[in-house]
Amino acid sequence: MSERDVELYHLVQQGDKQALEALYDRYEKLLFSFSYRMTGSSDISEEAIQEVFIKLWTKKGLYKEEKGKFSSWLLTVTRNTCLDLLKKKKETTYTLEERDAIQANDPSTEDIIQWKEEGQNLREAVQELAEDQRKIVELFYFKGLSQRQISEACNIPLGTVKGRVRLALKHLRKYISNTTEGEVE
């Protein structure tokens with residue numbers, strides 16, 4: 001049976017849906033029983049089994065025969081998936097008092113208006129930067145590129161990117177400081 005499982009696993013790795021169905025038919029009840037004993041929840045158990053088979057289908061080369069029997073490996077994957085799901089459920093479960101406290105931390109209308117004004121000030125300040133600094137700031141802060149990625153994309157040394165970021169921040173601080181004090185012309 002184990003050799004057949006490994007053969008089916010390799011077929012699944014090649015995109016064979018029937019092999020996936022065959023593995024599912026073989027192990028669904030065992031994995032559900034195993035998951036249910038761990039979680040005590042049929043919903044979490046079904047979710048765990050679904051995630052295990054999605055991993056089998058989408059991730060290549062997870063199982064190596066040197067790791068032992070396929071069924072033991074599959075149970076280990078299921079156990080880890082159950083633990084992840086239990087952890088996730090625990091993190092998102094909170095009491096009504098906690099929910100109310102979270103809602104109380106929602107920003108007020110005044111906060112939102114202030115953020116929008118500050119955002120507008122920041123956008124204006126960015127427009128005042130020299131072209132080379134503005135481009136670096138937009139790539140780094142608004143598009144999320146690393147300084148190394150910017151260096152490669154713009155074909156400039158990494159040190160130049162760091163210098164432009166530092167200089168741009170200095171100019172932005174000065175511009176915003178002057179704006180809030182009403183000294184900008």
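Here are some worked exercises on the predicted model shown above.

Two ground rules before we start. Residues are numbered from 1 along each chain as its sequence is written. This is a predicted model, where local features need pLDDT of at least 70, side-chain atom pairs count only at pLDDT 80 or more, and totals for chains, interfaces and linings use all residues, while side-chain values use heavy atoms, with hydrogens and water left out.

**Exercise 1. Get the overall fold on paper**

Task: work out how many helices and strands the protein has, and what share of the residues is buried.

Solution.
- Start with secondary structure, taken as DSSP runs numbered from the N terminus (helices are H or I, at least four residues; strands are E, at least two). That gives nine helices and zero strands, in the order α-α-α-α-α-α-α-α-α.
- Next comes burial, where buried means under 20% relative accessible area, exposed over 50%, and partly exposed in between (1.4 Å probe, protein chains only). Buried residues account for 27% of the 185 residues.
- For the surface, use Shrake-Rupley areas with a 1.4 Å probe, and for residues count only the protein chains shown as cover. The total is about 12,900 Å², and carbon and sulfur atoms hold 50% of that.
- Finish with contacts (heavy atoms within 4.5 Å). Of those between residues at least 6 apart in sequence, 56% join residues at least 24 apart.

**Exercise 2. Find the kink in α2**

Task: compare the span of helix α2 with that of a straight helix, and say where α2 bends.

Solution.
- Helix α2 covers residues 17-39. The expected span is 1.5 Å times one less than the number of residues, so a straight helix of 23 residues would span 33 Å.
- Between its end C-alpha atoms, α2 spans only 29 Å.
- Now look for a bend, meaning the angle between axes fitted to the seven residues ending at a position and the seven starting there. At Tyr27, α2 bends by about 50°.
- Tyr27 is also one of the buried residues of α2, a list that includes Leu23, Leu31 and Phe34.
- Check the ends too. At the start, a side-chain oxygen of Asp16 comes within 2.9 Å of the backbone nitrogen of Gln18. After α2 comes Gly40, with a positive phi near 70°.

**Exercise 3. Follow Thr39 at the end of α2**

Task: decide whether Thr39 is buried or exposed, and list what it touches.

Solution.
- Thr39 sits in helix α2, and its relative accessible area is 15%, so it counts as buried.
- Leaving out residues up to four places away in sequence, Thr39 touches Ile44, Ser45, Cys82 and Leu86.
- The C-alpha atoms of Thr39 and Leu85 are 9.1 Å apart, with their positions 46 residues apart along the chain.
- Then look at polar contacts (a pair of N or O atoms within 3.5 Å; within protein, one must be able to donate a hydrogen and the other to accept it, and residues adjacent in sequence count only if both atoms are side-chain atoms). The Thr39 side chain reaches the backbone oxygen of Ser41 at 3.2 Å, and a polar contact of 3.2 Å links it to the side chain of Ser45.

**Exercise 4. Sort the aromatic pairs**

Task: classify the pairs Tyr9–Tyr63 and Phe70–Trp73.

Solution.
- The rule pairs rings of Phe, Tyr and Trp (its six-membered ring) when their centres lie within 6.5 Å; planes under 30 degrees apart are stacked, over 60 edge-to-face, and the rest tilted. The count comes to ten aromatic pairs.
- Tyr9 and Tyr63 have ring centres 5.6 Å apart and planes at 80°, so they are edge-to-face.
- Tyr9 belongs to α1 (residues 2-13) and Tyr63 to the loop between α3 (42-58) and α4 (70-92), so the pair ties together parts 54 residues apart in sequence. Both tyrosines are buried.
- Phe70 and Trp73 are tilted, at 5.6 Å centre to centre with 45° between the planes. Both lie in α4, three residues apart, about one turn of the helix, and both are buried.
- Put it together: Tyr9, Tyr27, Tyr63, Phe70 and Trp73 form one aromatic cluster.

**Exercise 5. Contrast Ser151 with Asn155**

Task: which of these residues is buried, and which is exposed?

Solution.
- Ser151, in helix α8 (residues 147-154), has a relative accessible area of 11%, so it is buried. Its contacts beyond four places in sequence are Ile156, Pro157, Leu158 and Val161.
- Asn155, in the loop between α8 and α9 (158-180), is exposed at 69%. Its phi is positive, near 60°, in a residue other than glycine.
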